[in-house]
Amino acid sequence: MSGSSETANISSLGKGDTLHQQVLASFPLCHMTEEDLIQNPQFCKLLATLAQHVDQTGLTAPLKTELDKAEKKLQIQKLQWLRSESLHRGLQEMIQNHCVRKHHATVPPDQNMFYETMERCLLVAQCVRQLDPSNTTNQDQPSVLGLTPQLVMELMPSEKNVQSLKQGLPRQLEKHLKEKCLSLLSYHQPEWEHESEGLKMAKLSHLSAQLDKEKKRAESLKETCRENTVLLQRQTELYLTELTKCIQLLQSFILNHRLKIQTDLDRKKLDYFEGKCELILQKIKAEMVEIQLDTYTPDSISAHRKIREKLESELKACKAEKQSVELKLASFEILGKDFEALAEEYCRLRQEMEMKNWALKEFTQYND
């Protein structure tokens, strides 16, 4: 029953190219191509079944729910930490700004006392936290320099100064945060730098939503860029595969064309050698007739020797060309019937050359 239900679920996903596209979309993190799924149909069915139980990241539904709860809890704790950390850094910035102003101008005594009290409170709180960082700390562990949180707390400023700090701190902190927000607004939108404070505050109330919108847009563009990168990689692989096939097909076409052209060229060469041999034979016959008509004078004998040397050199050249053609013909024996026709032509040419060799031999004997 389970096998039939899984088969029905796979059938409901799609068939052929549709199923392959759905499997690739269900597992975007796997570097697979449609050709891989075509070559492995059983693996494709397995992935199609698995896609009904897990999401695109490979997590099951219960595990995804637990992960979402853990992420929400982490977000709450992170938000609390960010609030306390932002407050702590804001107070430190206020102390640093006060130190800078104190070096460049005279500061009223009450303001100087206010920031000194704040700095001491921050130092004492930081030391207490270092001595007792959490509630799960082992109480029997050795202390640092024999100090305890209670001893450090004795270094707190006087109660009067602390109460004065608590009263004036919200106002000073609000002023400091307001200056930072306006500075951030001027950095984000420089054209608002010279506007009135009321318009800046109105614009500042929408700055958080605008920054969140721009952040989401940037994340969306980043995700789109990642998807385009994966798509480009797949298209590149397909392009290289098709290009390889085209190159192989082109190489086969070039080889076949070269074999056909080579056969025609060899046939033309044989025709050329045949005509050349005919001319040489006619030339030999004509010169033999002239020799019979000439008298045997020293000049005629010298001329005959030159003719003989010329004929011998031409004969050597013909033999060399004949050997070259024989080598080329040997490489084309695989052509079957086409080669038989060429072989018959070669035999005929060889017989004619033997006749010409005989004529040259007779001419040499007659000359001697």
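Which residues in α5 meet which residues in α8? In this predicted model, the α5 side of the contact is made up of L87, G90, L91, E93, M94 and N97, and the α8 side of L169, Q172, L173, H176 and K180. By class, five residues of this contact are nonpolar, four are polar and two are charged. Helix α5 spans residues 61–104 and helix α8 residues 159–188; the two axes lie 10 Å apart, at an angle of about 90°. Angles of 65 to 115 degrees count as roughly perpendicular, and α5 and α8 are therefore roughly perpendicular to each other.

Helix α8 also packs against helix α6, which covers residues 109–131. The axes of α6 and α8 come within 10 Å and cross at roughly 100°. This pair, too, is therefore roughly perpendicular. From α6, the residues in contact are M113, F114, Y115, T117, M118 and C121. From α8, N161, V162, S164, L165, G168, L169 and Q172 take part. The contact of α6 with α8 has eight nonpolar and five polar residues, and no charged ones. L169 and Q172 of α8 appear in the contact with α5 and also in the contact with α6.

The chain as a whole contains 12 helices and zero strands. Along the sequence, the pattern reads α-α-α-α-α-α-α-α-α-α-α-α. The chain has 368 residues, of which 21% count as buried. When contacts between residues at least 6 apart in sequence are considered, 62% of them join residues at least 24 apart.

The largest pocket has a volume of about 330 Å³. Its lining consists of 13 residues, and those closest to the pocket centre are A25, P28, R226, E227 and V230. Two elements, α2 (17–26) and α10 (207–293), give two or more residues each to this lining. Helix α10 gives the most, with six residues. By class, the lining of the largest pocket comprises six nonpolar, three polar and four charged residues. Charged residues are thus present in the pocket lining and in the contact of α5 with α8, whereas the contact of α6 with α8 has none.

Technical notes:
Residues numbered from 1 in each chain as written. Predicted model: local features only at pLDDT ≥ 70, side-chain atom pairs only at ≥ 80, totals over all residues. Heavy atoms only, no water. 1 Å grid on protein atoms, 1.4 Å probe; cavity = no way out; pocket = protein on both sides within 12 Å on 5 of 7 lines; lining within 4 Å. Points joined across faces, edges and corners; volume = space filled by probe spheres on them. Helix = DSSP H or I, 4+ residues; strand = E, 2+ residues; numbered from the N terminus. Nonpolar A, V, L, I, M, F, W, Y, C, P; charged D, E, K, R; others polar. Axes fitted to C-alpha atoms, helices over the stretch in contact; angles between N-to-C directions. Parallel < 35°, antiparallel > 145°, perpendicular 65-115°, else oblique. Contact = heavy atoms within 4.5 Å. Buried < 20%, exposed > 50% of the residue type's maximum accessible area, 1.4 Å probe, protein only.
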